[in-house]
Amino acid sequence: MYKFMFRHTYKDEPTLAAEGIDIDLPLRAEVTWTNMYSSVGFFITLAAFVEASHPIKLDAAGVLQDSFLIWAIFYILAVIKLRKEDVVLKIVDFDGNRLPAQAWHITVATLLLFCVFTGPKAPLVEQVLSAIGK
């Protein structure tokens with residue numbers, strides 16, 4: 001299943017050269033994945049420190065909600081990146097097609113955003129809980 005959904009390889013140098021595509025693009029694409037993952041780590045750490053250093057409220061649910069939002073943004077950007085690499089740059093050699101990987105990223109992003117907007121500290125949930133409590 002992993003290979004079916006996530007495994008994609010970049011075209012080799014002779015194939016890229018034959019198609020007239022810059023042979024450095026796959027390397028830059030891999031560096032972009034690394035930058036995306038390190039950015040997620042940085043922003044999750046930043047969110048945790050901001051939540052922890054806030055003098056009034058220290059809330060684990062807020063940290064979790066922030067990290068879910070950061071991961072959702074990552075997954076949305078991953079969908080865009082996969083499409084650009086396949087359609088615009090033409091550097092990805094998918095075994096079959098990229099849609100399963102994109103469907104996975106969209107599903108995860110949707111679930112994360114659902115958790116963010118309906119989690120325990122979401123305004124909608126707080127309003128419902130306060131209405132039930134009255």
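Which residues form a negative surface patch?

## Negative patch

The patch is formed by D12, E13, D24 and D93. The model discussed here is a predicted one. One of the patch members, D24, sits in the loop that runs between helix 2 (13-18) and helix 3 (25-53). D24 is partly exposed, and its relative accessible area is 40%. D24 can belong to a patch because its 40% lies above the cut-off of over 30% relative accessible area that patch residues must meet.

## Overall fold

The protein contains six helices and two strands. Read from the N terminus, the order of the elements is α-β-α-α-α-β-α-α.

The protein has 134 residues, and 31% of them count as buried. Its accessible surface is about 9000 Å², with 69% of that area belonging to carbon and sulfur atoms. When contacts between residues at least 6 apart in sequence are considered, 64% of them join residues at least 24 apart.

## Salt bridges

Two salt bridges are counted in the model. In one of them, D22 pairs with R28, and the closest N and O atoms are 2.6 Å apart. Both partners have intermediate accessibility: D22 is partly exposed at a relative accessible area of 36%, and R28 is also partly exposed, at 45%. D22 is above 30% in relative accessible area, but a residue in a salt bridge is left out of patches, so D22 cannot be counted in one.

The other pair is E85 and K81, whose side chains meet with an N to O distance of 1.9 Å. Both residues belong to helix 4 and are four residues apart, about one turn of the helix. E85 is buried, with a relative accessible area of 2%. K81 is buried as well, at 11% relative accessibility. The two salt bridges thus contrast in setting: D22 and R28 are partly exposed, whereas E85 and K81 are buried.

## Helix 4: nonpolar patch and buried positions

Helix 4 spans residues 60-88 and includes I76. I76 is partly exposed, with 39% relative accessible area. Together with L69, I73, L77 and I80, I76 makes a nonpolar surface patch of about 430 Å². I76 qualifies for this patch because its 39% exceeds the 30% relative accessible area that is required.

What is the relative accessible area of G62? The value for G62 is 8%, which places this residue among the buried ones. G62 is also part of helix 4. Its C-alpha lies 9.5 Å from that of V116, although G62 and V116 are 54 residues apart in sequence.

## H105 and its contacts

H105 is located in helix 5, which covers residues 99-118. Is H105 buried or exposed? H105 counts as buried, since its relative accessibility is 9% and the limit for buried residues is under 20%.

Leaving aside residues up to four places away in sequence, H105 touches Y75, A78, V79 and L82. These four contact residues fall within the 60-88 range of helix 4, so a contact here means heavy atoms of H105 and of a helix 4 residue within 4.5 Å.

Definitions and conventions:
Residues are numbered from 1 along each chain as its sequence is written. This is a predicted model: local features need pLDDT of at least 70, side-chain atom pairs count only at pLDDT 80 or more; totals for chains, interfaces and linings use all residues. Side-chain values use heavy atoms; hydrogens and water are left out. Patches are made of residues with over 30% relative accessible area and no salt bridge: like charges are joined within 9 Å, nonpolar side chains (Val, Leu, Ile, Met, Phe, Trp, Tyr) within 5 Å. Accessible areas come from the Shrake-Rupley method with a 1.4 Å probe; for residues, only the protein chains shown count as cover. A salt bridge is a side-chain nitrogen of Lys or Arg within 4 Å of a carboxyl oxygen of Asp or Glu. Buried means under 20% relative accessible area, exposed over 50%, partly exposed in between (1.4 Å probe, protein chains only). Lys and Arg count as positive and Asp and Glu as negative; His and the chain ends are not counted. The place of a charge is taken as NZ of Lys, CZ of Arg, CG of Asp or CD of Glu.
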